[in-house]
Amino acid sequence: MGMKHDRDPALTMATTHAPLPDPTAYARRLIDEYRATTRAGDVLCDGDPAAWAAMFEELAAVASDDLGHARARVQRHAADIGTGFRIIGEADERPWPVSPVPLLIESGEWADIARGIVQRADLMETIVTDLYGPGRLVERGLIPAALVTGSPFFLRPMVGLEPPGGHHLQCIAVDLGRGPTGEWRVLADHLRSPTGAGYALENRLAVSRTLGGLQDRLNVQRHAPFFAAFREGLAAMCKRTDPRLGLLTPGRFNPSYPEQAHLARYLGMLLVEGADLAALEDMVYVRTIGGLKRIDALWRRVDPRMLDPLAFDSHSEIGVPGLIDAYAAGNVVLSNAPGAAVLESPAFAAFLPALATRLLGQSLHLPNIATWWCGQDAARATVVEDLGALMIGPAFGATPLGLPGAGMVAGADITGEARTALLADLVRRPQDYVGQEIVRLSTMPVVVDDALVARPFTLRVFAARGADGRWTVMPGGFARIGEHPDARAAVMGEGIWSADVVVHGPDVVPPVTLLPDSESLHIRRNPGTLPSRVADNFFWLGRYLERGEALLAAIRVMLGNSIDAGGGAALAPATVGRLVGLIAGGGAAAHPPSLGRADLKDFARTAMEAPDWHSVAAINAHARSIGDGSRDRLSADMVRLLDAPFPTHRGMLDRAGSLQRRYAAIAGLSAEHMGRTASWRFHDLGRRLERATAMVRATRLFGMSGASADDLSTLLDLADSQISYRQRYLTGIARVPVVDLVALDPGNPRAIAFQTACIVEHLKHLPVLSDDGMDEPQQAEATKIHAIVSTTTAASLNADVLGDLERRLGTLSEAIARRYFLQGAEPLRAVGLTLA
C-alpha cells in the first residue's frame, strides 16, 4: 500500500506556465535565422544540414530557449574541470572561454586535412634533421644560410647531435584557416612547444557534459587515441622498458600552466620544473623525497634557449645544467628536440612549397598562405611594390625597427612617416621582414548574448608520433573564434572564444580510453614518485592554512566572539593586551596606540586584510599561490576554495565567520578526501607542526601560573576546546585542567600532545635513505619532542619547558626541510642518496 502525495501547486504552475520548446522546432528556427543573416562561406551554411540540426537539437535541450544559459552551463563545466589561462603580466588566471557551439567537420573532409598534416610533419622532420645534420639543403641553395643562422631559434650547440630515438619531432601543432570557398590553408606551424592539446581535451570534456547525446548521434571521433599514441611514442624512444616520463613546465606563471597540469595528470606524467631536476654523469634525475630518481623523457614547455644554462643562455634560472649533455649521450628524450623551432619562423613558409616538391616529390596537400621573405631581392621588390595589398611582419618573431607595432600589420594601414621608416629599414635590414597575402576566413556560429552570430575562426590541429614512428592526428583540435566580424586572419589575432571541433561520420566510433581495462588484474596503491618541490609545497600549504586559521581565531576572540557561558562579557585589559601581543608578535599588524575599541577595530582590520602585513589575507594569498602551483595533485574543489576571493561582508565578525567556515571546509576536504599518500602526510605534517607551535605560544601567554579566568577562557577559545572543558569540569575554570586539556591530552585534536604524536607517526611512514634501521635526524628530534610532552604534567609545565618545546619544533621543521625539500646541488652530495 502506497501513500498518496499531493502535488506542489508552485511546481505545477512552474512546469505548466512555461513549457520547454520542442528541440527539433527550436533547432530549425535557430538554423533558419542564422542562415538568413550569414554570408556565403560559413561552415554551417556549407556543412551537413543533418549534423548541424542534430547538434542544435542537443543544444536546444540544454538552452531551454535561452542560448545564454547554454553558454553559462558549458563555461561552468570548464571551470569545474579547472580550465584556465593567464595573460602575461597578470597575476590572476582567467577562465577558459568555451563556446557551447562546436565546429562540425565531416570525416571525409577531415581525412584530407589529416593527410596534409602528416605530410607536413614528415617534411618538417626531414628539414630539421638536415639543418642540424649534414646541412645539404643550405649547401645546395635550397634554403638560404641567412634564413637559418639569422633565426633566434637556431641553436648552434645542437648541430651534429643525434636525437635519442632518432626523431627531432614527436608533437606538432598547425594553425589552419578555412577560406570562404571551403579550402584549408596553413597559417602557422608550432614546433617549439606546441600548446593547446590540453585545451582541446578540456573543450571536449566541457562540451560533452553539456551536449551529452552528441557523441552517439554523430559518431564523434575521440581524442584518446591521439594522447595514447603520443605517450606510447615518447616511451618507445627511451632506453628503459619502463621509463619515467615528465612534463617540464616553466612554472605556474606560464600562460598555459593550467593546461600543462591537466595534461600531466591525464597522461600520468610527472609535472616538473627545472629546479626539480638534476643532471649527474649524463643522466637526468628528479629530486624526490626518496632520493634521486632517473627520468627518461621530458615533454618540455620551457623555451629551448632556457633549457640548459651551460649549453644556451647562461642567465637561465629555470633550466637544468647538464641537460643537453645527457641528451647528447642519448639518456634523456626531449620532446620536441631543442632547435626545431627554427622552422616556426614565418620566413620559412616562403620555401616550404619548393622543399616539399624536392624532398617529398609532391606538392603540399595543405598549402601555405603566400609568403615573401624580403631577404631575397626579387621577393623584397614584390613586397615593396604591392605593400598596400599585403600584410607585413617580422621574419623571425622579434619586431624589427621599421614596424609600427608587434605582429603582422596591414601594409595599407602604414602611412606617412611610418611608411617612410619601414621602407628605409627594408633597405637596411630586409632579412628581418616577410610579406604575406591577406587571408579571409570562413565564419562559424557563436553565442553572443542570447543570439547566434557569425564570427571568423581558425583551427589548431595536433599530430603526435606513435610507438611505430607514424603520425597520429588528433581528430578535431580546437577552434579559436574572433571577437569581431572582420574576417581577415591577421586582424582576428588570438581570438576571444574557443570551440570544440567535432569530426563526425557514418561509422560507429568504438570507445577508447587511456584508463586500463576494467578487468585488469594490475593493482597499484602507491601514487608514484613525489618530487621534493611538491612535498615542500604541500608542507607549507598545511602550515599556511593552519597559521591563517590560528590568527583568525585570535582576532575573533579579541573582537568578543568567545562562546564562554558568561554571555560574551568584555575581556580584561590584561588579557586583551596579551592577545594583541600574540597577533602583533606574528607580524600581522603593528601594536595599536591603545586598547580602546576604535583602535582595536583598526588593529583587527589590519591583521585580517592588510596585504603588506602577515595578515590573514596575506597568508591566504600564500596558500592560494601554492594551490595554483599544485593543480595536478589537488582536487578542483580544493583549488576553488583556495582561489575564493576574500569575504566582503559588511561586519568584521561576519567576514571572520565566513573565513572560518572556509578553513573548516578545506580542513574537511584534506581529512576526508585526500588519499593517505606521501603528499597528504606532508600536508598534515605542516598542519601539525604549525598547530603545535601556535598552542605552545598560546599556553605560554595564557596558561602559566597566575593566569586569570579571562586568560584561561581565551586559551580554551584559541584551542577550540571550550565545549570539551565544560563537559568535563562542571565546577568552573581552573588553570591545571585547562593546561592539561589544551597541551597534554592526547585525545584532544587541538592539544600539543596530539600534534606531536601525529608528527612522529607521519615521519615513521616517510622514506629514509639508509637501511640500517636507525632514526634519521628529523625522526629522532620528533621522538624527543613527543617524549617531553608525554612525560610532562600540567602542574609542572612552565614557561621554560614551553620555550624549549618551541625551539625544538623550529629545529624539527629545519630538519624536515633539509632532509626532504632538497635545494641546489646539495642532493648530489648527500651521503646515502640512492639513484634509481
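Here are a few worked exercises on helix packing, cavities and backbone oddities in this predicted model.

Residues are numbered from 1 along each chain as its sequence is written, and side-chain values use heavy atoms, with hydrogens and water left out. Since the model is predicted, local features need pLDDT of at least 70 and side-chain atom pairs count only at pLDDT 80 or more, while totals for chains, interfaces and linings use all residues.

**Exercise 1. Work out how H18 and H21 are oriented and which residues hold the contact.**

Step 1: find the elements. H18 covers residues 532-558 and H21 covers 616-628; helices (H or I, at least four residues) and strands (E, at least two) are DSSP runs, numbered from the N terminus.

Step 2: get the geometry. The two axes come within 9 Å and cross at roughly 160°. Axes here are lines fitted to C-alpha atoms, for helices over the stretch in contact, with angles from 0 to 180 degrees between N-to-C directions.

Step 3: classify. Angles under 35 degrees count as roughly parallel, over 145 as roughly antiparallel, 65 to 115 as roughly perpendicular and the rest as oblique. H18 and H21 are therefore roughly antiparallel.

Step 4: list the contact (heavy atoms within 4.5 Å). On the H18 side, Asn537, Trp540, Leu541 and Tyr544 are among the residues that meet Val616, Ile619, His622, Ala623 and Ile626 of H21. By class, the contact has 11 nonpolar, three polar and one charged residue. For these classes, Ala, Val, Leu, Ile, Met, Phe, Trp, Tyr, Cys and Pro count as nonpolar, Asp, Glu, Lys and Arg as charged, and the others, Gly among them, as polar.

**Exercise 2. Do the same for H29 with H30, then for H9 with H12.**

Step 1: H29 (777-791) packs on H30 (799-820) at about 160°, axes 9 Å apart, so this pair is roughly antiparallel.

Step 2: the contact includes Ile785 and Ile788 of H29 and Leu805 and Leu812 of H30. Its residues split into 11 nonpolar, two polar and five charged.

Step 3: H9 (197-210) and H12 (257-267) have axes that come within 8 Å and cross at roughly 75°, so they are roughly perpendicular.

Step 4: Tyr199, Leu201 and Leu205 are among the H9 residues in that contact, and His262 and Tyr266 are among those from H12. The tally is seven nonpolar, two polar and two charged.

**Exercise 3. Which residues line the largest cavity?**

Step 1: the whole structure holds four cavities of 30 Å³ or more. On a 1 Å grid over the protein atoms alone, a cavity is a set of points where a 1.4 Å probe fits but cannot get out; lining residues have an atom within 4 Å of a point.

Step 2: the largest cavity has about 40 Å³ of space. Volume is the space filled by probe spheres set on the points, which are joined across faces, edges and corners.

Step 3: the lining is Tyr257, Leu271, Arg533, Val534, Asn537, Gly629, Ser630, Asp632 and Arg633. H18 gives the largest share, three residues.

**Exercise 4. Locate the cis peptide bond and the positive phi at Glu281.**

Step 1: the cis bond joins Ser335 and Asn336, with omega about -10°. Asn336 lies in the loop between E12 (333-335) and H14 (352-360).

Step 2: Glu281 has phi near 50° and lies in the loop between E8 (277-280) and E9 (283-288).

Technical notes
On a 1 Å grid over the protein atoms alone, a cavity is a set of points where a 1.4 Å probe fits but cannot get out, and a pocket is an open set with protein on both sides within 12 Å along at least five of seven lines; lining residues have an atom within 4 Å of a point.
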